[in-house]
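Biologist: Could you take me on a close look at one part of this model, the place where the two chains meet, along with the empty spaces in the structure? I am in my first year, so please go step by step.

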Amino acid sequence: MDMKLLQDTIDLLRSHIDSGTDIDWMEMDNRPVRDIADMLNAYELAYSRKMTVLACCILIHTALNKHGKLQAKDNERLTRLLLDGDYLTGLMYRIAVKRKEWKLLSRLLPFHKRMQLSLLKNVSPERIFNELKREIRSYLEQRSA
Amino acid sequence: MNLHNRIGVDLASFDRLLREVVSSDRDLPPSSVVLSSVMDLINAGGKRLRPLMVVLGSRFGESGHEPAVMKTAVLLEYLHMASLVHDDIIDQSDMRRGRPTLHETTDVQTAVHIGNYMIARAIEWAAGHPGGDPDGSSEDVSEDEAYRLAELAALVTELCMGEYDQLQHRFDFGLTMEQYLEKTRCKTALLMAHCLKAGAEAAHADAGTAERLFQFGESLGMAFQIRDDLLDFTKPKEAIGKPAGADLRNGNITLPVLYALNDPALAPRIRQLGPHSAAADMDDVIHRIAASGAIEQSEELARSYAEHARRMIVDFADHPAQRDLQTLLHYFLP
C-alpha cells in the first residue's frame with residue numbers, strides 16, 4: 001500500500017478546502033479509496049494526475065457519506081452534512097477543471113448523476129463505490145491503451 | 001412589464017430548454033420521481049433572473065454564439081434551482097412560490113439527491129462530451145467550453161460558503177457588518193455577478209468587459225439581497241410566501257437586525273432571542289424592527305450598492321446593450 005499517494009492527495013485537498021467549512025477529515029474512512037490508490041499505482045500515469053484522480057474519488061466518496069447521513073434530527077447537524085456534501089462535490093468540479101482533467105470529469109459527471117439515481121433506488125453506497133472503481137479502471141485502461 | 005419582456009427574451013423557449021435537459025436524459029425512467037419533481041420545479045416558474053442576466057451579459061460579446069449562451073443560462077438556472085431545493089431543507093421551509101417544497105412532497109434524502117442530480121445532469125447536458133460520445137447530451141462543445149461550464153458548476157462551493165457563514169453565526173448578535181456583507185456576497189451577489197460575466201464570456205466578449213460586468217452584477221446582487229432581507233420584515237406572508245421575520249426566527253442575522261442592534265431600546269430585546277424563544281417574543285421583536293429606523297438604514301445601503309452599479313453603467317456608454325443594463329438596474333431599483 002503506497003500511503004504517500006494517499007497522504008499527498010489529502011494534503012492537496014486540505015490546501016483547497018476553505019477553513020470556513022470546518023469539514024472534519026478525521027472522521028473520514030480512507031479504506032475504500034486505498035483500493036483506488038493501489039489501482040492507480042499499477043498504471044502508467046504522471047504522479048500529479050494520479051493525485052487528481054484520487055482526489056476526485058475521495059471527494060465523491062466523502063460527499064456520498066455526508067449526504068448519506070441526512071436522517072439527522074438535529075437541524076444544525078443536517079445542515080452541516082448537506083453543505084459539506086455540496087461543497088465537496090463542487091470542489092471535485094473545481095479541482096478537475098483547475099488540473100485540466102476534462103476526460104476524467106467527462107466520465108465522473110455521468111457517474112455522479114447515475115449515482116444519485118441509484119441512491120434513490122436504495123442501492124448501497126458500497127455497491128456505488130465499486131461502480132466508481134470500475135469507472136476509474138476503465139478510464140485508466142483507456143488512457144494507457 | 002416583466003424583465004424578460006423589457007429586454008426582449010422569450011422565456012417560453014428558455015423553459016422548453018430547461019425541460020429538455022431532463023426529458024432527454026436516457027438514464028431517467030419516464031415515470032421517475034426525479035423527472036416529475038424537476039418538471040414541477042420548472043413549471044412552478046420564477047423570474048428566471050439569472051438566465052436573463054446571462055443573456056444580457058452575452059449582448060456585450062459577439063453575435064453567433066447563442067447555443068453556448070443558452071447552455072450557460074440553462075446550467076446556471078439549474079444550479080440556482082438545485083441550490084433552492086437544498087436551501088429549503090436548511091431553512092425548513094415548507095412552501096416556495098405558493099407550492100409545497102420538494103422535501104415536503106418527497107423527503108429530505110430524496111430532495112437532496114434530486115438537487116444533486118439536477119446539477120450533474122445540467123453540466124452533462126451542457127458540456128456534453130468533447131470529441132463526442134452521444135448520451136442524450138446537447139451537441140458537442142470544445143474542451144475549453146466544457147471547462148468553462150464545469151467551472152460554473154464549481155460555484156456551488158461559493159454558495160456553500162454563504163450558508164456556512166450563516167450557520168456559524170446563527171443567533172450570533174455579535175455578527176459584524178463585514179461578516180454580513182461577505183455572507184451576502186457569497187449567498188447571492190456572486191452568482192448574479194457570474195451570470196453576467198459567464199454570458200459575456202460565452203459570447204467571447206473581451207476580458208475587461210466581462211470583469212466590469214461581474215463588478216456591476218456584484219453590486220446589483222448586494223442591493224437585491226438586502227432588499228430581499230428587508231421584505232422579510234416589511235411584506236405580509238402572502239406576498240413573500242413565508243411568515244414575516246422568517247430569517248430571524250431561523251437565527252439568520254440580516255441587515256435590519258444588525259442596524260436595529262444599534263438602537264439602545266431595541267438591542268436588549270433582540271439579544272434575548274434564541275432558538276427556543278417563544279413565538280410571541282419573536283413576533284414582538286420582528287414588529288419592532290419593522291417599525292424602526294433600521295428599515296430605512298437598510299434601504300439606504302441597498303440604494304448605495306444600486307448607485308454604485310448605476311455609476312458602472314457609464315463605462316458601457318459606447319455599447320448598444322448599455323440600455324439593457326439600465327433596464328436591469330431599474331428592475332431592481334424601481
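**Pockets, cavities and the meeting of two chains**

Modeller: Happy to! Keep in mind that this is a predicted model. Let's start with an open space and then work our way to the interface. Sorted by class, the lining of the second largest pocket has seven nonpolar, five polar and five charged residues. The space in this pocket comes to about 320 Å³. It is lined by 17 residues, and those closest to its centre are B:Asp40, B:Leu41, B:Pro100, B:Thr101 and B:Leu102. Which elements build the lining of this pocket? In chain B, helix H3 (33–43), H5, strand S2 (99–100) and helix H6 (102–105) each bring at least two residues to it. The largest share is from H5(B), with four residues.

Keep helix H5 of chain B in view, and turn to the interface. How many residues does each chain bring to the contact? Chain B brings 41 residues and chain A brings 39 residues. Between them, about 3,700 Å² of area is buried, and carbon and sulfur atoms give 67% of it. On the side of chain B, the residues that lose the most area to chain A are B:Tyr147, B:Tyr164 and B:Leu167, which together account for 20% of what that side buries.

There are polar links across the interface too. The rule finds 18 residue pairs in polar contact between chain B and chain A. Four helices of chain B give two or more residues each to the side that touches chain A: H5 (66–90), H7 (108–127), H8 (143–153) and H9 (156–168). H7(B) has the largest share of that side, with 14 residues. By class, the side of chain B that touches chain A has 24 nonpolar, nine polar and eight charged residues. As for charged partners, the count between the two chains is five salt bridges. In one salt bridge, A:Arg94 pairs with B:Glu158, and their closest N and O atoms are 3.4 Å apart.

Now for the enclosed spaces. Rolling a probe the size of a water molecule over the atoms reveals where empty space remains. Searching the whole structure gives three cavities of 30 Å³ or more. The largest of the cavities has a volume of about 70 Å³. Which residues line the largest cavity? From chain A they are A:Asp86, A:Thr89, A:Tyr93 and A:His112, and from chain B they are B:His86, B:Asn116, B:Ile119 and B:Val156. Two or more of these lining residues come from helix H4 (75–98) of chain A, and likewise from H7 of chain B. H4(A) gives the most, with three residues. The lining of the largest cavity has three nonpolar, four polar and one charged residues.

The second largest cavity has a volume of about 50 Å³. Its lining includes A:Thr89, A:His112 and B:Asn116, and these residues also line the largest cavity. Among the others around the second largest cavity are A:His67, A:Met115, A:Gln116 and B:His113. Helix H3 (47–67), H4 and helix H5 (102–120) of chain A, together with H7 of chain B, each give two or more residues to this lining. H5(A) gives the most, with four residues. By class, the lining of the second largest cavity has four nonpolar, seven polar and no charged residues.

To tie this together, follow H7 of chain B: it gives 14 residues to the side that touches chain A, and H7 of chain B also supplies residues to the lining of the largest cavity and to that of the second largest cavity.

Note on methods:
Residues are numbered from 1 along each chain as its sequence is written. Chains are lettered from A and ligands numbered from 1 in the order in which they are written. This is a predicted model: local features need pLDDT of at least 70, side-chain atom pairs count only at pLDDT 80 or more; totals for chains, interfaces and linings use all residues. Side-chain values use heavy atoms; hydrogens and water are left out. Contact means heavy atoms within 4.5 Å. Buried area is the accessible area (1.4 Å probe) that two parts lose on being put together, summed over both. A salt bridge is a side-chain nitrogen of Lys or Arg within 4 Å of a carboxyl oxygen of Asp or Glu. A polar contact is a pair of N or O atoms within 3.5 Å; within protein, one must be able to donate a hydrogen and the other to accept it, and residues adjacent in sequence count only if both atoms are side-chain atoms. Ala, Val, Leu, Ile, Met, Phe, Trp, Tyr, Cys and Pro count as nonpolar, Asp, Glu, Lys and Arg as charged, and the others, Gly among them, as polar. On a 1 Å grid over the protein atoms alone, a cavity is a set of points where a 1.4 Å probe fits but cannot get out, and a pocket is an open set with protein on both sides within 12 Å along at least five of seven lines; lining residues have an atom within 4 Å of a point. Grid points are joined across faces, edges and corners, and a volume is the space filled by probe spheres set on the points.
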